[in-house]
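Visitor: I'd like to learn how to read a model like this one, feature by feature. Could we start with a helix?

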Amino acid sequence: MIVWVFAGGGQSEISGLLPYLRREFPNCDFQRVTPVSNKEGIKPNKLGAKPKTDRASQALTGKSLLKEIEERLNHKFRLNDPMCDLILIFDDLDYPSQGTNDPNEFCQQKSQEFGDLLNQVWQNNPNIPPVNHIIGFAKPELESWVIADWDQTLARDPDFRDKCKAMQHWLVSDRQLSFKDPEDFGLDPAFPQSYHQKLSNAIIQASEQKEGMRYSKQLHTARFIKQLDSAIAQQKCPEFRKFFTSLSRLTSPSKS
């Protein structure tokens, strides 16, 4: 089964999410469309407008990701690229739009926007048969998965095992992070400003509380996502569980 992947974000998604998906779903050929790496250049083609440069295509989310998905799908159609069997759109749920204070509402809003975009793309390309799609989210970021599987990833890593307990203590006491419900980071009404904090930044700050390696989203998040125990992450991250279950159902051999 060929799966075109449109993911927001940057290097963590390139280096971590795609290898993780390929490990967990070996019957699928996950083909990254966004984000793209700096090394894999898209060659200009006379058949269609040239997509954005590789660097400009990284770290996209929200509206910019919507526009990028539409451009790249239309570009593939103009080039008559072999059609995929499934489209996977993946984004995070940090930084909700102004006035949106309910994370579930924000999730539904983004799902609706991505779904509407795909419907519009199919309407604009009536000769292209629609394929199934799945929309998944990291809530609020991929790092919630790392927190869920902390003991098997960061706590065992040579870069952090000497200070993982200090980092954990700081995250719990100073950032009110629940290691049982990491997807709820920033929802404590006693700390309303934290809803707009980035979980990745909190982990970086935790690593800075003690001498030693500073956490890197690009390096460490990617490494830990590749090592992720899906069963543990599903126990603590309902949004991840929903995504994993839906993807398992759509990519099961009986569906291919």
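Guide: Sure, and keep in mind that this is a predicted model. Take helix H1 and its buried residues: Ser12, Glu13, Ile14, Gly16, Leu17, Leu18, Tyr20 and Leu21.

Visitor: How do I read a list like that against the helix geometry?

Guide: An α-helix has 3.6 residues a turn, so residues three or four places apart point the same way. In H1, Ile14, Leu17, Leu18 and Leu21 are among the buried residues.

Visitor: How many residues does H1 have, and what does it span from its first C-alpha to its last?

Guide: H1 covers residues 11-24, which is 14 residues, and it reaches 20 Å, close to the 20 Å expected at 1.5 Å a residue. There is also a kink of about 25 degrees at Leu17, shortly before the proline Pro19.

Visitor: Let's zoom out. In what order do the elements run from the N terminus?

Guide: They go β-α-β-α-β-α-β-α-α-α-α-α-α. In total there are nine helices and four strands. For contacts with a separation of 6 or more, residues 24 or more positions apart account for 73%.

Visitor: And what share of the residues is buried?

Guide: Of the 256 residues, 50% count as buried. The protein exposes about 12600 Å², and carbon and sulfur atoms supply 48% of that.

Visitor: How should I look for a nonpolar core?

Guide: The general idea is that in soluble globular proteins, nonpolar side chains tend to be buried together. Here the largest nonpolar core has 48 residues, and Leu21, Phe30, Trp145, Trp150 and Leu171 touch the most other members. Apart from that core lies another, of 22 residues, among them Leu66, Ile89, Phe114 and Leu118.

Visitor: Which residues does Phe30 touch, leaving out those up to four places away in sequence?

Guide: Phe30 touches Val3, Val5, Leu18, Leu21, Arg22, Phe25, Leu88 and Leu247. Two of those names should ring a bell: Leu18 and Leu21 are among the buried residues of H1.

Visitor: Does another helix use H1 as cover, or what should I look at next?

Guide: Try helix H7, residues 217-227, where the buried residues are His220, Thr221, Ala222, Phe224 and Ile225. What covers them includes H1 and helix H4 (143-148). Then look at Ser230 in helix H8, residues 230-236. Ser230 is in contact with Tyr20, Arg23, Glu24, Phe240 and Phe244, leaving aside its neighbours within four places in sequence.

Visitor: Is Ser230 buried or exposed?

Guide: Ser230 counts as buried because its relative accessible area is 6%, and the cut-off for buried is under 20%. By that reasoning Asp92 is buried too, at 15%, and it sits in strand E3, residues 86-92.

Visitor: Where should I look for backbone oddities?

Guide: Start from Asp92, since you have it on screen. Its C-alpha is 5.9 Å from that of Lys139, although the two are 47 residues apart in sequence. Lys139 is joined to Pro140 by a cis peptide bond, with omega about -10 degrees. Pro140 is in the loop between strand E4 (132-138) and H4.

Visitor: Which residue has a positive phi although it is not a glycine?

Guide: Gln176, with a phi of about 55 degrees. Gln176 is in the loop between helix H5 (164-175) and helix H6 (199-207), and it is partly exposed, with a relative accessible area of 27%.

Visitor: How many disulfides does the count come to?

Guide: Zero disulfides. As for individual cysteines, Cys84 is buried at a relative accessible area of 3%, and Cys107 is buried at 8%.

Note on methods: Residues numbered from 1 in each chain as written. Predicted model: local features only at pLDDT ≥ 70, side-chain atom pairs only at ≥ 80, totals over all residues. Heavy atoms only, no water. Core = buried A, V, L, I, M, F, W, Y, C linked by side-chain atoms within 4.5 Å. Buried < 20%, exposed > 50% of the residue type's maximum accessible area, 1.4 Å probe, protein only. Contact = heavy atoms within 4.5 Å. Helix = DSSP H or I, 4+ residues; strand = E, 2+ residues; numbered from the N terminus. Areas by Shrake-Rupley, 256 points an atom, 1.4 Å probe, with all protein chains shown as cover. Disulfide = S-S within 2.5 Å. Expected span 1.5 Å × (residues − 1). Bend = angle between axes of the 7 residues up to and from the residue.
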